[in-house]
Amino acid sequence: MPNDVAESECAFFCVTDGPDYVPKAITALASVRRFHPEAGFFILGRFADDAAALALIHRHGMRFQFLDLSDRFRDCEFIDTNPGRWPSECFWWTYAYKILSPHGYRFSCALDGDILCVNPLDLERVLTGRAAVYGVAKRNGRINSGVLFFDHARMEKQRFFEKIVETYETAKVCDHPACTGYCREKGDQGLLWEIDRRHGVSTARLDNVYNHMLDLSPDSYREKNPDAPIGISSSKILH
């Protein structure tokens, strides 16, 4: 694969199940667009009949793509183990590369709506490794899904979404009688860890500046990034 990444080949996206999240998604995406205006910016969800939300997206120069995977990832009412379980749409980013690739994007980045890009991203440095998925690890060593970068060709070659669905449907990782497959209480971050562990899907850890979680104390940040300056001004993305 060529070791260069054109900004226009990368799409940034947020996934939301309803229009209430759209303003947050627009704010997150717009913070990236300040530094990377040639990239693509998308909001994915299943509210295609909400004219006001679609108008707001288009008014900000972003694109909407319909996405509904509630038939693959169980909606809340189908599991009754804990009211704090993750909603279906938190897993939908796993399919986004299949939507964005036909638009000509070789790479993409999934963003939560509570992030803010404060410095330019070094896309070439991030995306020219050998992994399919890149992200910043949390304290427990697992990648946080608030900011994820993807190499579409590697995801397709490694059958990423197919392995996600297979693991979700068959992996018993809890003691809840109601769970016949993957436990929704573990969330999408746990599922990403599971397919890495079970199927060897290639993931890579990025420096914390690409997802500077603001709950990290200075000492914790210094421990994870001994060579990086401490402080918000040195970060790329705040979360």
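This passage describes two helices, the packing around them and the nonpolar cores of a predicted model.

Helix α1, which covers residues 22-33, consists of 12 residues and extends 16 Å from its first C-alpha to its last, a span close to the 16 Å expected at 1.5 Å a residue. Within this helix, the buried positions are V22, A25, I26, A28, L29, S31 and V32. An α-helix has 3.6 residues a turn, so residues three or four places apart point the same way. The buried residues of α1 pack against several elements, namely the strands β1 (10-15), β2 (40-45), β4 (107-111) and β5 (116-117), together with helix α2.

The packing of α1 with helix α2 (residues 51-59) can be described in further detail, as the axes of the two helices lie 10 Å apart and enclose an angle of about 10°. Because angles under 35 degrees count as roughly parallel, α1 and α2 are therefore roughly parallel to each other. On the side of α1 the contact is formed by V22, P23 and I26, and on the side of α2 by A53, L56 and I57. The residues of this contact comprise 6 nonpolar ones, with no polar and no charged residues among them.

The largest nonpolar core contains 38 residues, of which F12, L111, L121 and F149 touch the most other members. Two or more residues are contributed to this core by each of β1, α1, β2, α2, β4, α4 (123-127), β6 (133-137) and β7 (143-151), and the greatest contribution, 6 residues, is that of α1. When residues up to four places away in sequence are not counted, L121 touches F12, V32, H36, F149, Y210, K236 and I237. Apart from the largest core, a second, separate core is made up of 34 residues, including F73, I99, V165 and L192.

L192, a member of the second core, is also one of the buried residues of helix α7, the others being G187, D188, Q189, G190, L191, E194 and I195. Helix α7 covers residues 187-199, and its 13 residues should span 18 Å at 1.5 Å a residue, which agrees with the 18 Å between its end C-alpha atoms. The buried residues of α7 pack against the strands β6, β7 and β8 (203-205), as well as against helix α6 (160-170). Just after α7, the backbone at G200 adopts a positive phi of about 70°.

Note on methods. Residues numbered from 1 in each chain as written. Predicted model: local features only at pLDDT ≥ 70, side-chain atom pairs only at ≥ 80, totals over all residues. Heavy atoms only, no water. Axes fitted to C-alpha atoms, helices over the stretch in contact; angles between N-to-C directions. Helix = DSSP H or I, 4+ residues; strand = E, 2+ residues; numbered from the N terminus. Parallel < 35°, antiparallel > 145°, perpendicular 65-115°, else oblique. Contact = heavy atoms within 4.5 Å. Nonpolar A, V, L, I, M, F, W, Y, C, P; charged D, E, K, R; others polar. Expected span 1.5 Å × (residues − 1). Buried < 20%, exposed > 50% of the residue type's maximum accessible area, 1.4 Å probe, protein only. Core = buried A, V, L, I, M, F, W, Y, C linked by side-chain atoms within 4.5 Å.
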